[in-house]
Every structure is written in C-alpha cells, then in structure tokens.
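Biologist: Please take a close look at a single part of this model and explain it to a first-year student. Kindly give the meaning of each term when it is first used.

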Amino acid sequence: MASNTKIQPLLGSTEVNQLAFVVNDIEKASADFSKLLGIPNPGWFLTGDEEVSKVIYKGKSTASQSKLAFLNTPTVQFELIEPNMEPGTMREFLNETGEGIHHIAVDVDKIQNHLPNLEKNGYPLLQSGEFTSSDGRYIYVDTTNEMKTLIELLESAEPRDTTYKAGEEKPLLGTNVVEQLAIVVKDLDRAADKFCQLLGVKKPAVIQSGHSDITKVVYNGEATDADSRYMFIRTPLLEIELIEPGKAPSTWKTHLESYGEGVHHISFVVKDMDEKITLLEEMGYPVIQRGNFYNGKGRYAYMDTTSTFKVIIELLEKY
C-alpha cells in the first residue's frame with residue numbers, strides 16, 4: 001500500500017472526508033443509516049432559497065433546494081440528500097441514475113485557489129452554491145468521466161462540524177468505520193493515474209486476482225475465477241479501491257455491463273463475518289458474491305443492501 005507523498009494534489013487536499021448519497025426519502029434514509037452506523041438520528045434541514053443558497057447549475061441560476069442530513073462517523077461523514085424537482089446535479093442524478101453515492105468531498109482553504117487548475121486539467125465547474133447556516137460555499141467539479149463520480153470542494157469560514165457522537169445502540173455491523181470506497185472501471189491504469197493526480201499520491205502497484213484454488217469465489221451461487229485487476233489508493237481516512245473486471249463472471253463484471261463505470265460498494269472490516277452475514281440475510285439482504293483475498297489472508301462478502309443503503313456493502317474479515 002503506497003503512502004502519501006508531497007506531490008501537490010489538484011484538489012488541494014488528500015483527505016476525502018465525506019460520502020454523499022442522493023435519496024428519495026430522507027426521513028427513512030436517516031433512520032436506516034442511523035441504525036447501520038449506531039448514530040443518533042440527526043434529523044434533516046432544508047437548504048436556503050435561491051437568494052440564500054445562490055445555486056448555479058451549468059452556468060444558470062436555479063431554485064434547487066435539498067433536504068440534508070449529516071451523520072458523523074469516527075472517520076468520514078455521511079451526507080444524505082433529498083433534492084427538490086428544480087434543476088441541479090442531485091436532481092439530475094436521481095432522475096438518471098437513481099439513489100446512490102452522488103459524490104465524495106474534501107475541505108479546502110479557498111476554492112478559487114484550486115478551481116482554475118482543476119478546469120485547466122479537464123474538470124469543469126458543474127454546480128456552485130452557498131451554505132445555508134454558516135459562511136461557506138461549495139462547488140461540484142465534473143470528474144465523472146475520469147473519476148467515475150463527482151467531487152465536491154467545501155470552503156468554510158469555520159471548520160465544519162464533523163464531530164462523532166456515539167449513540168446508545170451499537171452499529172449494526174459492530175463498526176461504523178468505512179474501510180473502502182470501491183469503483184469499477186474499464187481501464188485501471190488510466191483511472192489510477194487520474195485519481196493519484198487529483199489526490200497527490202504515488203501510484204500503487206497493480207494487484208492481480210489470485211488463483212481460484214486460493215480465492216474460492218462464489219458469485220450468485222456458482223464458483224467462478226472472478227478474474228480482475230485492482231489497486232488500493234490510500235488516503236488519510238478512506239481507502240479507494242479501483243477494480244477492473246476480467247472475463248469470468250463476477251459482480252464487478254455484471255456492474256460494468258449493466259450500469260457502466262462507477263461506485264460499486266463500500267466496505268467495513270468486521271469480526272465474526274459469518275454472524276454478520278446471517279444477520280443481514282435475515283434482514284433480507286442476500287449474499288451476492290463471497291471469496292478469499294487474493295493472498296488468502298482474509299475473506300469478503302458482498303451483501304445486496306442497495307434497497308435500503310443505496311450501495312452494496314462489503315464485509316471484510318482479515319486474518
């Protein structure tokens with residue numbers, strides 16, 4: 001796993017500290033994610049009107065407003081967004097893609113210190129706006145073609161409140177620390193080059209999937225080689241996994257063929273994985289794919305949790 005370097009990140013930060021989900025029903029989503037993460041339900045608030053939020057989408061002013069809820073974990077913040085029907089990147093995402101992870105975010109000193117360089121490198125401004133309850137602003141830069149997800153830059157006069165406050169209930173999986181954000185790509189090397197340039201880190205080594213005698217992958221109940229190439233890009237709070245599927249059947253190959261490149265799953269390192277699998281299956285979330293690590297030093301299981309949590313959840317157990 002590569003360590004961070006002193007390469008200047010195009011984003012102005014290497015710390016991805018927010019995962020943002022677009023949802024249809026923020027009240028239900030807030031309750032569901034609170035249970036998953038073992039965090040008190042924060043409730044939601046409505047962003048300001050056009051005069052307050054000053055949203056500009058694709059160069060035009062819009063009356064876009066959203067219901068927002070923030071859930072702080074010990075590492076990344078979860079943002080839940082229910083947009084109104086006015087033009088905006090969240091409404092467009094919901095209409096065209098459906099519920100799911102809309103963007104990842106970083107905090108920066110001054111947006112204007114970084115936006116010109118981002119645009120120069122092919123990442124144009126998509127949407128901008130002002131915070132509702134404090135002195136601050138945000139922009140979304142259109143990184144979808146290269147990064148397979150949008151990236152948000154946040155600028156605040158005072159540090160955003162990302163303080164973790166544990167609830168009385170334990171996290172559903174025994175942990176609320178997200179280990180990985182995984183993205184399926186067609187060209188691993190190209191995607192890795194772009195991510196490393198944006199984050200200012202050295203390019204890690206490519207890992208080849210292990211032999212089937214070691215990995216013992218089962219996808220939709222059938223044994224498969226599940227061949228793939230992948231790479232782990234370490235950031236301070238979150239590991240980004242890029243996966244290029246091969247020819248054999250796998251959840252990654254199906255995702256690429258059905259939905260194209262993009263976010264595939266988030267991961268949690270758990271104890272007693274069989275117990276957690278049983279728990280989720282009893283809640284109506286079946287196993288999609290399971291197997292051992294390429295080197296035999298752990299195992300994983302992808303759970304079909306998209307109906308509730310808007311993304312596949314991967315359980316990881318390390319030996």
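Modeller: Helices (H or I, at least four residues) and strands (E, at least two) are DSSP runs, numbered from the N terminus. The model is a predicted one, in which local features need pLDDT of at least 70 and side-chain atom pairs count only at pLDDT 80 or more, while totals for chains, interfaces and linings use all residues. Residues are numbered from 1 along each chain as its sequence is written, and side-chain values use heavy atoms, with hydrogens and water left out.

The part chosen is the largest pocket, together with the elements around it. Four elements, α3 (89–96), β7 (100–107), α8 and β17 (262–269), each supply at least two residues of the lining of the largest pocket. A pocket is an open set of points on a 1 Å grid over the protein atoms alone, where a 1.4 Å probe fits and protein lies on both sides within 12 Å along at least five of seven lines; lining residues have an atom within 4 Å of a point. The volume of the largest pocket is about 990 Å³, where volume is the space filled by probe spheres set on the points, which are joined across faces, edges and corners. Its lining is made by 33 residues, and those closest to the pocket centre are F93, T97, H255, Y259 and V263.

Consider α3 next. Its buried residues (under 20% relative accessible area; exposed is over 50%, partly exposed in between; 1.4 Å probe, protein chains only) are T89, M90, R91, F93 and L94. F93 is thus buried in α3 and is also among the residues closest to the centre of the largest pocket. After α3 comes G98, which has a positive phi near 95°.

The helix α8 covers residues 251–259. T251, W252, H255 and L256 are buried in α8. These four residues cover an arc (taken from the directions from the helix axis to the C-beta atoms) of only 135° around the axis, and so they lie on the same side of α8. H255 combines two roles in this picture: it is buried in α8, and it is one of the residues closest to the centre of the largest pocket. L256, also in α8, is in contact (heavy atoms within 4.5 Å) with V184, V185, K186, P245 and E261, once neighbours within four places in sequence are left aside. The C-alpha atoms of L256 and L279, 23 residues apart along the chain, are 28 Å apart. Just after α8, G260 has a positive phi of about 85°.

W252 leads from α8 to another part of the chain. Aromatic pairs join rings of Phe, Tyr and Trp (its six-membered ring) with centres within 6.5 Å; planes under 30 degrees apart are stacked, over 60 edge-to-face and the rest tilted. Eleven aromatic pairs are counted by this rule. One of them is W252 with Y302, an edge-to-face pair with 6.2 Å from centre to centre and 90° between the planes. This pair links distant parts of the chain, since W252 belongs to α8 and Y302, 50 residues away, to strand β19 (residues 298–303). W252 and Y302 are both buried. Elsewhere, ring pairs gather F21, F33, F78, Y285 and F309 into a cluster.

Strand β19 also meets helix α9. In α9 (residues 273–282), the residues M273, K276, I277 and L280 are buried. Viewed down the axis of α9, they fall within an arc of 100°, so they line one face of the helix. The face turned away from this buried side carries the exposed residues E275 and E282. The buried residues of α9 pack against β18 (287–292), β19 and β20 (312–318).

M273, a residue of α9, gives a detailed view of this packing. M273 is buried, with a relative accessible area of 1%. Apart from neighbours within four places in sequence, M273 is in contact with R299, Y300, A301, L315, L316 and E317. M273 and I313, which are 40 residues apart along the chain, have their C-alpha atoms 13 Å apart. After α9 comes G284, with a positive phi near 100°.

To bring the parts together: α8 supplies at least two residues of the pocket lining, its W252 pairs with Y302 of β19, and β19 is in turn among the strands against which the buried residues of α9 pack.
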